[in-house]
Each structure stands twice: as structure tokens, then as C-alpha cells.
Amino acid sequence: MSETFSADWLSLREPFDRAARSPRLAAALAEVLPTRPRLIDLGAGTGSLFRWLAPRLARPQAWTLVDADADLLDEAFLRIATWAEGQGYRVTTPGRAMLVHTPQGAWRVEALARDVATDPQRLPLREHDAVVCSALLDLVSAHWLEMLSFALDSPFAAFLSVDGRDAWLPRDADDRLIARGFARDMGRDKGFGPALGPRAPARARRLFAARGFRVLAAPSDWIIPRVGHAMLTTMVTGHATAAAAALPAFADRIDAWRERRLTQIARGRLALRIGHHDLLALPRS
Ligand SMILES: C[S@@+](CC[C@H](N)C(=O)[O-])C[C@H]1O[C@@H](n2cnc3c(N)ncnc32)[C@H](O)[C@@H]1O
């Protein structure tokens, strides 16, 4: 059973994702792709990665958005159309695809509602010139990642995998307790087997290097400033809920931590960095 994510959460995080992903890795991917690349986006959600990466590839291109949640894919089409029209691009929908007509050529988008957890070898990876994902790798297991690496012979770009370098500012004596509970929750099975959580970036680097890929990596942290009240509140409540579920014996201390943090947010005194890493694995030709 795959983990579910709300469209509202994906909206809230999109500006932070956009500011965090590495333009250097996007440029390195763009350099190796053909003149009309086909990309497959695993766990595409509402299409946030498309909106960020397609303009950086700056050429005609075709995307397959894959997600277990068909409602998110419907939302992806709506959001891509709204975003594209906001950029001044014309949008048409021949058949089941969407075409975004840009000065750089047409961007074709298709959706595939599919649970990718079972067997990555059965995904149409080889029909594409690159496999991409964003905020997915920390959900997957070591075994799934290994299967994916064996199924791949094209570039693989994984943006925004959490790496555990979180920093709450100001610090609090119970940040470590929260981090311990949250880390335990991150390791829960999210449908792929025990999740890699913050071990995902290092594991992926080692795995793809061992498979002979050239691996590039870059930090892509969320920087959430004191004025980011909605995002800070979601992070505080999310961390506290996950930590309390993982460490029920510490429920009172975790509650008190949440209350202190919410008070700091209301007073404009809390800021947060959430550590992420981007990875680009390029096959050696
Ligand atoms: C954290 S969200 C990221 C969404 C999007 N990539 C982004 O950057 O906004 C993870 C996405 O993976 C999808 N997902 C989780 N498990 C899945 C599975 N087993 N098969 C397909 N999609 C899955 C979720 O539905 C969700 O859209």
C-alpha cells in the first residue's frame, strides 16, 4: 500500500522545492539529453518537477508522469495547464495527452497511474531517455533502489531526498528526541519495504557508483524563514506527530516541544533548515 500525500501539502512545499533543487544538476542533465528527450517522472504527484525542470531543458520534450494516486495526476494536468497559461504558453489536449506550446517547442505530458513499488523492471523505463523523481527516494527501500539501478541504462536524476541535516533555530533541548522519533518514522514501510529515509542520498550515490554510473550530487536544503508560518507549523506538527507515534513513552515531552515551537512561530522566532540532497547518475558510454 503506497503512502498518500495531499495535493495541499504538495502545493505548500512547491515554492521551497523550487528554491532548493540544484540548477547545476539540471544543467548537467540537460547537457546529456537528446534534442527531443522523453522523461519518466516516478512519483510525480501534481507535476512540481515538470514545472521546474522542463523550462531548464529548454527544448521540445515528452514526459510520462507516473503516480499511484490517479487524483494527484488529474491535479497535475490542471496545475500544469494553469501554470503554462500563466507563462503565456498555449495548452492543447489531443487525446489523453497534454501539449504545452512554448517558444522552445512542444512539451508533451502523459500520465500513468501505476504503483511503482512492486517491480521497477516492469516500468517503461527503457522507452525514456531519462528517469527522474523528486521527493521519492527517501520513501523507497534499499532493495527497491537496487532493483531500479539494475533496470536503468539511462540518466537518473533524483531531486530532494532528505538527508537528516535538519536544524531548528533557535535550538531546543528536545530537538534530539524529536529527531530520534522522526527518524524512526522515516524508516517505516511506505509501500516499498523498510524506507531508506535520510540514508537514501548516500545509499544511492554508492549504489550507482558501484554500477559504473558517474554520480553528481548537490545539497538542496529547504530554507524555511521565520515568516514561513504555514510551512513551519506543518513541519512542527508533522515532526511531533511522527515522533509521538514512534516514541509513545515520551508523548508529554513531545507535546511540550510542539507547544514551545508553535509559540515561537506565532512570535516570528522560529526558522528551520531541512537537509536534502539531489543526485544525478549518468551512465558511462
Ligand atoms: C513526497 S510526494 C512528491 C511528489 C512530487 N514528486 C513532488 O516533488 O512534488 C511523493 C509522491 O510519490 C507518490 N508515491 C508514493 N508511493 C508510490 C508508489 N508506490 N507508486 C507510485 N507513486 C507513489 C505519492 O503519491 C506522491 O505523489
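This passage describes the sheets, a helix pair, the ligand shell and two individual residues of a predicted model.

The nine-stranded sheet is a good place to start. Its strands follow the order S3-S4-S5-S2-S1-S6-S7-S12-S9, and the sheet is open, with mixed pairing. Strand S3 (residues 90-92) and strand S9 form its edges, each of them pairing on one side only. From one strand to its neighbour the turn averages 20°, with direction ignored.

At the S3 side of this order, strand S5 (residues 105-113) can be followed through two pairings. With strand S2 (residues 61-67), S5 runs parallel, and seven bridges join the two. Within this pairing, Gln61 has Trp107 of S5 as its bridge partner, while Ala62 stands opposite Arg108 of S5. With strand S4 (residues 98-102), S5 runs antiparallel, here over five bridges. The bridge partner of His101 in S5 is Ala106. S4 and S5 make up a hairpin, with two residues between them. Helix H4 (residues 70-86) lies across S2, S3, S4 and S5, and its direction makes an angle of about 165° with S5. An angle over 145° counts as roughly antiparallel.

Towards the S9 edge, attention turns to strand S12 (residues 276-283). Six of the eight residues of S12 are buried, so this strand is largely enclosed by the rest of the structure. A residue counts as buried when 20 or more other C-beta atoms lie within 10 Å of its own. S12 pairs with strand S7 (residues 156-162) in the antiparallel sense through five bridges, and Val162 has His276 of S12 as its bridge partner. The pairing of S12 with strand S9 (residues 213-219) is antiparallel too, with seven bridges. There, Pro219 is placed opposite His277 of S12.

A further sheet is built from three strands. This sheet is open, has the order S8-S11-S10 and is paired antiparallel. Its edges are strand S8 (residues 167-169) and strand S10 (residues 222-224), each pairing on one side only. The twist from one strand to the next averages 5°. Three bridges connect S8 with strand S11 (residues 271-274) in the antiparallel sense, and Ala167 has Arg273 of S11 as its bridge partner.

Among the helices, H8 (residues 229-246) and H9 (residues 251-266) pack against each other at an angle of about 175°, and their axes are 9 Å apart. The two helices are therefore roughly antiparallel to each other. On the H8 side, the contact is made by His229, Leu232, Thr233, Val236, Thr237, Ala240, Ala243 and Ala244. These meet Ala251, Ile254, Trp257, Arg258, Arg261, Leu262 and Ile265 of H9. By class, the residues of this contact comprise ten nonpolar, three polar and two charged.

The surroundings of the ligand come next. There are 22 residues around the ligand, of which Ser2, Gly43, Gly45, Ala68 and Ser134 come nearest. Helix H1 (residues 7-20) and helix H3 (residues 48-57) are the elements that give two or more residues to this shell. Eleven residues of the shell are nonpolar, six are polar and five are charged.

Two residues of helix H2 (residues 23-32) complete the picture. Ala30 belongs to this helix, and so does Val32. Ala30 has 15 other C-beta atoms within 10 Å and is therefore partly exposed. Val32 also counts as partly exposed, because 16 C-beta neighbours lie inside 10 Å. The partly exposed class takes in residues between the limits of 12 or fewer neighbours for exposed and 20 or more for buried. Not counting residues up to four places away in sequence, Ala30 touches Arg56 and Leu57. Between Ala30 and Arg59 the separation is 29 residues in sequence and 9.4 Å in space, C-alpha to C-alpha. Val32, again leaving aside neighbours within four places in sequence, is in contact with Pro155 and Leu282. Val32 and Arg184 are 152 residues apart in sequence, and their C-alpha atoms are 38 Å apart in space.

Conventions: Residues numbered from 1 in each chain as written. Predicted model: local features only at pLDDT ≥ 70, side-chain atom pairs only at ≥ 80, totals over all residues. Axes fitted to C-alpha atoms, helices over the stretch in contact; angles between N-to-C directions. Helix = DSSP H or I, 4+ residues; strand = E, 2+ residues; numbered from the N terminus. Parallel < 35°, antiparallel > 145°, perpendicular 65-115°, else oblique. Contact = placed C-beta atoms within 7 Å. Nonpolar A, V, L, I, M, F, W, Y, C, P; charged D, E, K, R; others polar. Pairing = 2+ DSSP bridges. Near = placed C-beta within 6 Å.
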